[in-house]
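Subject: Structure handover

Hello,

I am passing this structure on to you. Please open it alongside this email and follow the residues as they come up.

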Amino acid sequence: LENSVKPYEFAIESNYDTIYDDQAWATRIQSIVRANSRNADDICIIGHEKDESSFYLKMFPQWTFESVDLIEPLNATDIRDIFFQEGFNPNYLKNVVPEYVLSYLKAFTGSFEYKQIIRERKFVEDYKKQFAGLPYAPIFVTTDNIVLCQAHVLMVRRKSEPGKGLWALPGGFLNANTDKSILEGAIRELKEETNIKVPVPVLKGSITGNRVFDAISRSSRGRTITHAFKYNLNDLELPKVKGMDDAEIAKWIPLSELDSSTCFEDHYEMVQAMI
């Protein structure tokens, strides 16, 4: 058989997630498959339906779906829970990941990013302890501001955990005692974090849209539903801003330079969804 069977050819391509637009994600998958196949090819999706998060496997009715059983009761979440523990022992993963993967993980434990993840996980664990005695898990209400001007978006660099050092939209928790409305809370947070030199009436007059973002796992602190407002200041020069309160820095970032890998939680996806 040495010369009679043609070797398989593999093409591996990536696709990025869009939390608030499943159809955009599916369209990119279709384009990737089309670029790597011919009209006469049989296309098959092979996967395991683990739980409700596996819904995407059924998003392509034009292709055959081949369901496979669970081979071992082990998943990446279990491995992450072990790996991102302070004092991680590599021997715990010796029999569940390939040797070259384990070598990479060992090297990664010496990085700044690894230590940052450890600190953040510890923060989230301690944060959740204050609600441990409640009969129901709390649901948090927050606000966010997507302020656009001359193809720039106003972002702040977070001063503290969670997400210390990441770029985020200016916003925060609704104050139950003083904020008379969601919009009032949003503008209060915008002013407190960026000191933007635009009068409140002008800001209110510049609002061109609003949307609720409520993906169930959008925040590591717990179920957090945010109300985002979009402002267009296109007729102005970039207003002066300054990082204050929870913000280390406030900065106008060109939309073309916004990088999902440096953004907090789902804030990159929120900007994309609103523009």
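Below are notes on two residues and on the salt bridges.

Please keep in mind that this is a predicted model.

**Ser54**

Start with Ser54. Look for this residue in the loop that runs between β1 (44-47) and β2 (64-67). Ser54 is buried because its relative accessibility is 8%, and the cut-off for buried is under 20%. Which residues does Ser54 touch, leaving aside neighbours within four places in sequence? The contacts are His48 and Glu49.

**Thr143**

Next, go to strand β3, which spans residues 140-149. Thr143 sits in that strand. Its relative accessible area is 0%, so Thr143 counts as buried. Again, set aside the neighbours within four places in sequence. Thr143 then contacts Gly171, Gly172, Leu174, Ile182, Gly185, Ala186, Glu189, Thr226 and His227. Keep Glu189 in mind from that list. This residue returns below, in a salt bridge with Arg188.

**Salt bridges**

Side chains of opposite charge can pair when their charged atoms come close. How many salt bridges does a search of the whole structure find? The count is ten. Here are three of them.

- Asp126 with Lys122: the closest N and O atoms are 2.8 Å apart.
- Lys129 with Asp126: the N to O distance is 3.4 Å.
- Glu189 with Arg188: the N to O distance is 3.3 Å.

Take helix α4 (residues 112-129) now. Asp126 and Lys122 are four residues apart in this helix, so about one helical turn separates them. Lys129 and Asp126 are three residues apart in helix α4, so they too are separated by about one helical turn. Asp126 thus pairs with Lys122 and with Lys129.

Are these side chains buried or exposed? Asp126 is partly exposed, at 33% relative accessibility. Lys122 is also partly exposed, at 43%. Lys129 is exposed, because its relative accessible area is 57% and the cut-off for exposed is over 50%.

Now back to Glu189, the contact of Thr143. Glu189 is buried, with a relative accessible area of 7%. Its salt bridge with Arg188 belongs to a network. Which residues make up that network? Asp179, Arg188, Glu189 and Glu192 are joined into one by salt bridges that share partners.

That is the handover.

Best wishes

Technical notes: Residues are numbered from 1 along each chain as its sequence is written. This is a predicted model: local features need pLDDT of at least 70, side-chain atom pairs count only at pLDDT 80 or more; totals for chains, interfaces and linings use all residues. Side-chain values use heavy atoms; hydrogens and water are left out. Helices (H or I, at least four residues) and strands (E, at least two) are DSSP runs, numbered from the N terminus. Buried means under 20% relative accessible area, exposed over 50%, partly exposed in between (1.4 Å probe, protein chains only). Contact means heavy atoms within 4.5 Å. A salt bridge is a side-chain nitrogen of Lys or Arg within 4 Å of a carboxyl oxygen of Asp or Glu.
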